[in-house]
Amino acid sequence: MAKIIAGIGTSHIPTVGAVIDNDQMHGEYWDPFIAGIKPAREWMEKTKPDVCLIVYNDHASAFSLKHISTFGIGVAQEYQPADEGYGPRQVPVCNGNSDLSWHIAESLVLDEFDMTISNEMPVDHGLTVPLTIMYDQPKEWPCQVIPLYVNVVQYPQPTGNRCYNLGKAIRKAVESYPEDITVAIFGTGGLSHQLQGERAGLINEEYDKQWLEKLVNDPLSVKDISHTEYLRETGSEGIEAIMWLVMRGAMDDEVNEVHRFTHAPVSNTNYGLTIIENKK
Ligand code: DHB
Ligand code: FE
């Protein structure tokens, strides 16, 4: 049977991708960041999940605002890096796993999560930057990738509770897949940041710190946080953090945290990273 072996939460800041792609990740600004993600890369190297199921949001790269899906899943055999206005990132193509994707899609829909199903889609920084953070610059990604996208860019976004329950349904779907493969589930985006408007540049480290601690050790206490609270406390883009609740819902209530790292600012964002494993 397939198994979810870990949950990974990470911000997906595009600058991190651009700086690594251009071999510029060194010096005073980046040294603490490199040191903070190093243990995560070592853990990844040792753990080697077969599949990374990446919960992310498209930033109007694959999809325009003509049609907005609350939740969707890619079922393709490959996903090209998206052109976000300056040419596609020079990173490997993501190899998919159509069979597992369709299995998850079917299980989720029968569980009454009405997913949009995408046969073809390019993937933007929301998905590729987390891969770079965990794997650096390999010639090929050492895992298959299943993209699962959440609308966080246009109101009304799904509730945190809905995201958490989607995570539970994803776990059920993965655990009913007959092949013996290991899956790491990523929640991406956040933590606090606001990219435009009067409060552009907002970062709320204190709030993020408490939120992350509760997400890891007392998830039921954060799943019902309102959109208004996210907007007020973490800025207009901080709401991306609801995607970490999908990841958290796919794990046991009690988990071991392998690594946690936060650092601000990274670009405009309070960078956050956690890796959690089930206790048994
Ligand atoms: C930044 C962060 C994001 O999550 C994003 O999608 C775009 C930009 C930033 O910090 O610059
Ligand atoms: Fe983002």
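Donors are taken as N, O and S atoms within 2.8 Å of the metal (3.2 Å for Na, K and Ca), and sites may look incomplete because water is not among the atoms. The model is predicted, so local features need pLDDT of at least 70 and side-chain atom pairs count only at pLDDT 80 or more, while totals for chains, interfaces and linings use all residues. Residues are numbered from 1 along each chain as its sequence is written, ligands are numbered from 1 in the order in which they are written, and side-chain values use heavy atoms, without hydrogens and water.

The iron ion (ligand 2) has the protein donors His12 (NE2), His59 (NE2) and Glu240 (OE), at 2.0 to 2.3 Å. Along the chain, these donors follow the spacing H-x46-H-x180-E. His12 and His59 are 47 residues apart and link distant parts of the chain: His12 is in the loop between β1 (3-10) and α1 (14-21), and His59 in the loop between β2 (51-56) and β3 (71-74). Helices (H or I, at least four residues) and strands (E, at least two) are DSSP runs, numbered from the N terminus. His12 is buried, with a relative accessible area of 4%, whereas His59 is partly exposed at 24%. Buried means under 20% relative accessible area, exposed over 50%, and partly exposed in between (1.4 Å probe, protein chains only).

Val153 lies in the loop between β7 (144-150) and α5 and is partly exposed, at 46% relative accessibility. Asp180 is placed in the loop between α5 (160-175) and β8 (182-188). Asp180 is exposed, with a relative accessible area of 66%.
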